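Let's take a walk through this model together, moving from a pair of helices to the places where larger parts meet. Please keep the 3D view at hand as you read.

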Amino acid sequence: MANPVTEFWRRYRRNGAAVVGLAILCVVVAMALSAPVFFPTNPLRLVGPAELWPLTDARFPLGTDSLGRDIAAQLAHGAGTTLIIGLVASLVATTIGVGIGAAAGYYGGLVDDVLMRFTEIFQTIPNLIFLLALVAVLGPKIEHVVIGIGLISWTSVARLVRAEFMTLREREFVLASRAMGMSDLRIIVTQILPNAIPPVIVLASLIVAGAVLFESALAFLGLSDPNIASWGGLIGEGRLLIRTSWYVCALPGLAILLTVLALNLIGDGLNDVLNPMLKNR
Amino acid sequence: MSPLLQVCDLTTHLFTVEGVVKAVEGLSFDLDADETLALVGESGCGKSMTALSLMGLVPDPPGRIVGGQVLLGDRDLLQLSEHEMQKIRGNEIAMVFQEPMTSLNPVFTVGDQIVESVLTHRQVSRRQARERAVELLDLVRIPDPRGRFDDYPHRLSGGMRQRVMIAMALACDPDVLIADEPTTALDVTIQAQVLDLLGELQGEFGMGVILITHDLGVVAGIADRVVVMYAGRKVEEAPVDDIFASPLHPYTQGLLGSMPRPGLEERLREIPGVIPSLIDMTPGCSFAPRCAKAMARCREEQPDHATIGDARVVACFAAEEEVAGRGLAVDT
């Protein structure tokens, strides 16, 4: 078999849209990494006249917002915030979801009943309202936002992992592992989980996209961390001026649109790569 | 010398919605070190459930071991906690399964899986475990063991995979090896190779081997002693030569009669009827409805195990009478 990395890339490349998605994401990552170089000062500092339209002043190529802050600097710094929130929230959601789903699927019976009823409680609470309540109670800090988004996103992972475990636990290699004297925990982590992980990776990439949207929604409502530049925050800032200086909302909106689109395309691409790979084995 | 493994009155029931399935009912046998014991019977007669009972792996629900003892040395395995059993499984009693296609984990290389089984019970470094794995692959006669080490299971043939399974089972040098239909899924030529291998390894490791099979050809090849099971019970036990030379129980006779032999012109004789439901057991002998020699007594009373000579056991009234007629000692 060829090197797994080249093999992976060969399969991924076949999905053109997924390659475009990856390219867009690379641009966003590059923006985030280069932000401190091109915009070394705090992006929330007041630097010029308010409501300066884009392409009118060479110092502020994308204009300024209602308080005279550089939109280009906020977009660049916001890229990093957005990506980190998305990734960490997805990691939180995946960890909780895999833990609960694996236990429910492997043990079945009463354990499954209890854990799935618990999952359903979370599923029935409207996501955004739960998130708003959580952040309102805990305070608008970036850690709370991340944890909150993780807490509303794990249920789909749990259900997926549970389903995977329910089919995998019946496979003979699980019985063989038990006959070998492995403990339940060891079988779950080292034997079954590696078989169940490909669809989870796909779902996790989609949760990153969802997390970006949730953070934007929070920031738009003014409940995200006000001390950190973020795309959603900029939209929230611009919403009062939407009829006159609409670019303040439009530019970060476009950035969010492209990033979420890119993440979804990547998720599709991963799905194409990981599923047939599992079947061929 | 006391036997390596002693099974006394093992009884395993499955509690299903339709009723209690008596999968294993009062099964007793001994296994010595250096001995291959064959457990023979049709599908559904409780052979595999016996194996799972010995390993403490009866699926619960619906199954439960409701009585008996499984003595390994002086410990009763049925009294041990799950944690204590985990130390015994794979270490003192190992098992090889029927289906080599699905018994290996598809996402790991075969070498890594053997390493994993070594590390389950041995406190050795990964490097040492790796060396041991290569040794084991060599021991089960896999050509180019170092090269095969990094192959995924789907790259190997059925026979190779079964060899890998055997290597994993032997990883911790077990005292008892249970092989549940180890050759059923393989081609005939490969079957013979795998059986030869099992036979050789049994001698090399000095293990007691319990070979579960429905194939009497397999039994003749490598078994020392045979236990014939029918509907969850032992109906006959004898050294392998005696089973083939003079089967006592009508069921054993039927099994032998339905075996193809070279030069045999006449049609194979099958045993009429099917194995009865293990839920609604009639009071008498469970084989009576299919038995040509059945008497009125057989339908009312369950025959006990009668010892014949010093090494044979049979549970059949007709066989007891026959043997008594020949002037042999029958001890019920």
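Is the crossing of H3(A) and H8(A) left-handed or right-handed? Before turning to that, please keep in mind that this is a predicted model. The crossing of these two helices is right-handed. Helix H3 of chain A spans residues 71-107, and helix H8 of the same chain covers 184-220. They pack at an angle of about 140°, and their axes are 7 Å apart. Because angles over 145 degrees would count as roughly antiparallel, H3(A) is oblique to H8(A).

If you zoom in on this pair, you will find A:Ala89, A:Ala93 and A:Val98 among the residues that H3(A) brings to the contact. From H8(A), the contributors include A:Ile192, A:Val200 and A:Ala204. By class, the contact has 16 nonpolar, four polar and one charged residues.

Now step out to where the chains meet. Chain A gives 15 residues to the contact and chain B gives 22. On the side of chain A, helices H7 (172-179) and H8 (184-220) each supply at least two residues, with the largest share, six residues, coming from H7(A). That side of chain A has seven nonpolar, four polar and four charged residues.

Chain B has a contact of its own to explore. Its domain 1 takes in 5-92 + 175-282, while domain 2 runs over 102-173. The C-alpha centres of the two domains lie 26 Å apart. Their contact draws on 12 residues of domain 1 and 14 residues of domain 2. On the domain 1 side, helix H7 of chain B (residues 188-205) provides the largest share, six residues. That side comprises nine nonpolar, three polar and no charged residues.

Methods
Residues numbered from 1 in each chain as written. Chains lettered and ligands numbered in written order. Predicted model: local features only at pLDDT ≥ 70, side-chain atom pairs only at ≥ 80, totals over all residues. Domains from an automatic or database assignment. Contact = placed C-beta atoms within 7 Å. Helix = DSSP H or I, 4+ residues; strand = E, 2+ residues; numbered from the N terminus. Nonpolar A, V, L, I, M, F, W, Y, C, P; charged D, E, K, R; others polar. Axes fitted to C-alpha atoms, helices over the stretch in contact; angles between N-to-C directions. Parallel < 35°, antiparallel > 145°, perpendicular 65-115°, else oblique. Left-handed = near helix turned anticlockwise from the far one by under 90°.
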